[in-house]
Amino acid sequence: MTSPDPLMDAAAAALFLLLVTGAALLFSSYIHRVFSGGVSAGLPGRIERAVYRFIGTSPEEEEGWRGYTRDLLIFNGIGFTALFALLLLQGVLPLNPQGVGAFDPLTAVNAAVSFVTNTNWQVYSGEVSASYLTQMAGFTVQNFLSAATGICIAIAVMRGLTRRPTDRQGRSIDRTGRSTDRIGNFWVDMTRSVLYILLPLALAAALLLASQGAIQNLDAHVTAGSQTIAMGPVASQVAIKLLGTNGGGFFAANSAHPYENPTPVTNLIEAFLILLVPAALPFTFGRMAGAMRQGWAIYAVMLTIYVAALGGLYAAELAGNPLVGELGVSGISMEGKEVRFGLLGTALFATSTTATSCGAVDAMHDSLTPLGGMVPMLLILLGEVVFGGVGSGFYSIVGFVVVAVFIAGLMIGRTPEFLGKKIEAAEMQMAVVTVLVPGVLVLLLSGIALALPGATGNPGPHGLSEVVYAFASMSNNNGSAFAGLDATGPFYVLAGALAMAVGRFAPAIAMLALAGSMAEKRPVPPGPGTLPAASPVFVAWTVLIILLVGGLTFFPLLAMGPVAEYLMMAGGV
Amino acid sequence: MKEPLRRAVLLFALLAVITGIVYPLAVTLIAGAAFPFPAHGSLVAGDDGRVIGSALIGRNFTAPFYFQGRPSATPVTAYNASHSGGSNLGPTNPVLLQQVAGRVQALREAGVADPLPADLVMASGSGLDPHISLDAALVQVPAVAKARGLPEEEVRALVMAEAVDSPFLGAYVNVLSLNLALDRKEGEHGAR
């Protein structure tokens with residue numbers, strides 16, 4: 001292999017991130033217009049209003065956080081039921097040229113929870129077990145709807161934090177003069193997220209990928225000599241799995257498969273698609289708050305950790321695996337990697353997919369070098385706030401920002417407030433739930449898993465890494481895996497479904513409650529005692545809080561897993 | 001409770017039809033009309049018109065007169081294009097090190113000289129990687145030329161002609177395409 005050139009690669013990565021930032025800035029303005037009703041004119045507006053008439057609602061009819069949460073949970077419950085039923089019935093339904101049978105019920109529960117929660121953890125192999133109808137009307141649908149659910153929550157949280165006007169009694173009111181602890185209409189937000197944001201982007205991305213070699217057909221598998229080549233409607237699934245940070249591959253090999261990700265260029269396009277919406281949401285927040293500095297501050301926190309992670313992963317893989325080098329092999333470790341992506345393409349994809357809650361992979365994370373593999377694990381363990389999932393990344397980092405504001409306030413003796421609204425006990429409780437629930441799930445369930453008979457695919461510290469990665473991935477709704485682990489046993493299937501559901505909905509409900517409580521608060525004008533939450537110092541402080549919470553929670557596990565394995569490798573064991 | 005449930009069912013049904021039926025079928029129709037070749041798998045046909053493989057999907061070449069692709073860890077058989085996947089062996093796993101050592105030895109016995117590029121002895125993530133690095137092709141030139149009874153320079157020139165240069169990856173080669181070119185070349189010299 002021609003050895004990679006770190007300087008060229010650093011320049012290319014910088015250019016890539018510049019493009020992401022530029023696109024996110026532009027797109028954030030569009031998202032802002034969508035949710036303030038600014039694009040609901042002309043033909044799209046007529047279609048949108050027809051939808052509202054059909055289901056019997058209107059944009060003026062807003063809910064408080066309890067109503068919003070209730071609607072969201074019911075909608076996701078319907079989604080789960082429909083997908084579960086489809087998985088059990090796929091054997092007798094059309095668009096099944098390979099004649100695959102039903103999912104067994106346990107796997108179906110796991111897969112349905114997985115796709116509804118935007119996790120896309122997969123205990124089945126797509127090309128073997130899923131019919132084309134399941135891929136389209138099951139998985140693709142939930143890829144859209146779970147991502148849209150995330151956007152809805154994020155937008156509702158933004159409204160809660162930013163709604164300003166107050167009436168004479170000091171209660172918040174909106175322009176129409178109603179008291180607003182109200183944070184929006186879920187049905188309207190859902191409709192707009194799908195029709196205006198995800199659908200047009202997915203359509204364009206799917207056609208772009210199809211033009212480059214991603215397949216899109218309903219053909220039966222093709223026989224070519226001794227080889228049988230799987231087919232299917234791939235591009236339409238891949239486009240939304242990336243844009244929606246879902247990550248569930250059409251094929252078992254996910255975006256390492258040449259039909260999902262055929263060229264070096266599609267690889268960069270795919271990494272870009274993963275980051276686009278999560279990177280835009282902090283700016284959307286800045287626009288909504290009328291304070292772009294606040295959006296930039298949150299974006300800076302994310303970008304700082306992203307760049308450090310990318311650099312770390314790249315350096316670890318560049319250093320390679322000396323145990324393989326001793327055998328007379330030259331170049332970086334290529335186990336689990338594709339030639340066409342190169343080191344930079346692989347590192348960019350692995351960082352992007354675990355910084356967000358995507359979980360699509362273009363290389364097998366289980367076969368990365370010990371420290372290279374620790375980076376994706378750590379990004380997931382930090383709670384996926386580095387861009388994070390579509391929507392979930394934004395509302396989770398708001399949890400961290402609230403904690404950061406509160407601790408800083410305590411330390412310097414100022415009233416903790418964010419955007420002029422006081423942070424009190426109720427908000428802190430909700431923020432702490434958001435910050436800590438995924439970590440508690442990881443530690444508890446990994447502990448139980450380790451007490452059970454082994455399912456790991458690799459011995460020693462790497463086996464521990466596999467277990468921790470699995471529960472980190474499920475609790476934080478990522479979906480990627482150290483896939484040597486056999487996660488098809490009943491414990492992993494059921495505990496995993498629990499982790500995915502709690503890891504998704506506990507932080508979501510907590511942040512909606514926080515939004516409801518903040519929406520009621522009267523903002524106070526900033527005074528000399530106000531802690532500026534958009535300064536470089538505050539950005540550095542928030543980065544520190546995120547690393548501190550993640551570090552304190554997981555340091556022992558990381559030391560016994562990837563770090564111990566690195567020392568073994570370096571010592572030549 | 002009844003009203004939200006009614007709305008949820010209606011909105012779900014509507015969005016499921018749009019995103020799960022209309023959207024994928026629209027992509028299928030447009031892609032099938034605008035890019036029929038890639039949309040149906042970039043399939044390559046032989047002289048008799050039968051499909052011999054896909055330009056994007058690697059296949060298992062084991063004969064000494066062909067360039068080898070990357071090792072493949074797909075289930076059941078190597079290069080199983082109906083069940084993709086990697087080995088998922090960790091970097092310190094003795095099984096991985098044994099496998100690599102075995103492949104190194106096999107290549108040396110086949111007359112391929114050190115140093116061996118990693119992509120030639122380590123399995124790809126998809127198990128279907130259609131490419132090898134240019135270096136991995138070049139180290140195989142003497143062995144393949146000998147098996148074919150072709151001059152080494154001619155085979156090397158063929159490899160260089162097939163190489164795709166890429167600024168960030170180094171050059172790489174599509175193995176199926178290279179082997180087909182090799183067969184055509186030998187055809188010019190007289191059928192084997």
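Here's a quick briefing on how chains A and B fit together, plus a few local details in each chain. Keep in mind that this is a predicted model. The area buried between chain B and chain A comes to about 7,500 Å², with 86 residues from chain B and 104 residues from chain A taking part in the contact. Helix 1 of chain B gives the largest share of chain B's side, at 24 residues.

**How chain B is laid out**

- Chain B splits into two domains: domain 1 covers 2–38 and domain 2 covers 55–188.
- Between the C-alpha centres of domain 1 and domain 2 of chain B there are 41 Å.
- Strand 1 (residues 43–45) and strand 2 of chain B run antiparallel and share 3 bridges. In that pairing, Val44(B) sits opposite Gly53(B) of strand 2.
- The two strands make a hairpin with 5 residues between them, and Gly49(B) in the turn has a positive phi of about 85 degrees.

**The A–B interface**

- Of the area buried between chain B and chain A, carbon and sulfur atoms give 68%.
- On the chain B side, Arg7(B), Tyr23(B) and Asn88(B) lose the most area to chain A, and together they make up 10% of what that side buries.
- Sorted by type, the chain B residues that touch chain A come out as 51 nonpolar, 24 polar and 11 charged.
- Several elements of chain B each supply at least two residues to this side, among them helix 1 (2–34), helix 3 (94–109) and strand 4 (131–133). Strand 2 (51–54) of chain B, the hairpin partner of strand 1, is also on that list.

**Polar links and pairing across the interface**

- There are 35 residue pairs in polar contact between chain B and chain A, counting pairs with both residues at pLDDT 80 or more.
- The salt bridge count between the two chains is 2. Arg7(B) turns up here too, forming a salt bridge with Glu61(A) whose closest N and O atoms are 3.0 Å apart.
- Strands pair across the chains as well: strand 5 (residues 329–330) of chain A and strand 3 of chain B run parallel, joined by 2 bridges. Val329(A) has Leu116(B) as its bridge partner there.

**A salt bridge within chain A**

- Over all chains, the whole structure holds 18 salt bridges.
- One pair inside chain A is Glu48(A) with Arg192(A), at 2.8 Å from N to O. That pair links distant parts of the chain, with Glu48(A) in helix 2 (residues 42–55) and Arg192(A) in helix 7 (residues 186–212), 144 residues apart.

**Backbone oddities**

- As background, most residues other than glycine have a negative phi, and most peptide bonds are trans.
- Asp114(B) and Pro115(B) are joined by a cis peptide bond, with omega at about -10 degrees. Pro115(B) belongs to the loop between helix 3 and strand 3 of chain B, and strand 3 is the one that pairs with strand 5 of chain A.
- Over in chain A, Phe387(A) has a positive phi, near 75 degrees, despite being a residue other than glycine. You'll find Phe387(A) in the loop between helix 13 (370–381) and helix 14 (392–412) of chain A.

Note on methods:
Residues are numbered from 1 along each chain as its sequence is written. Chains are lettered from A and ligands numbered from 1 in the order in which they are written. This is a predicted model: local features need pLDDT of at least 70, side-chain atom pairs count only at pLDDT 80 or more; totals for chains, interfaces and linings use all residues. Side-chain values use heavy atoms; hydrogens and water are left out. Domain bounds come from an automatic or database domain assignment. Contact means heavy atoms within 4.5 Å. Buried area is the accessible area (1.4 Å probe) that two parts lose on being put together, summed over both. A salt bridge is a side-chain nitrogen of Lys or Arg within 4 Å of a carboxyl oxygen of Asp or Glu. A polar contact is a pair of N or O atoms within 3.5 Å; within protein, one must be able to donate a hydrogen and the other to accept it, and residues adjacent in sequence count only if both atoms are side-chain atoms. Helices (H or I, at least four residues) and strands (E, at least two) are DSSP runs, numbered from the N terminus. Ala, Val, Leu, Ile, Met, Phe, Trp, Tyr, Cys and Pro count as nonpolar, Asp, Glu, Lys and Arg as charged, and the others, Gly among them, as polar. Two strands pair if DSSP finds at least two bridges between them.
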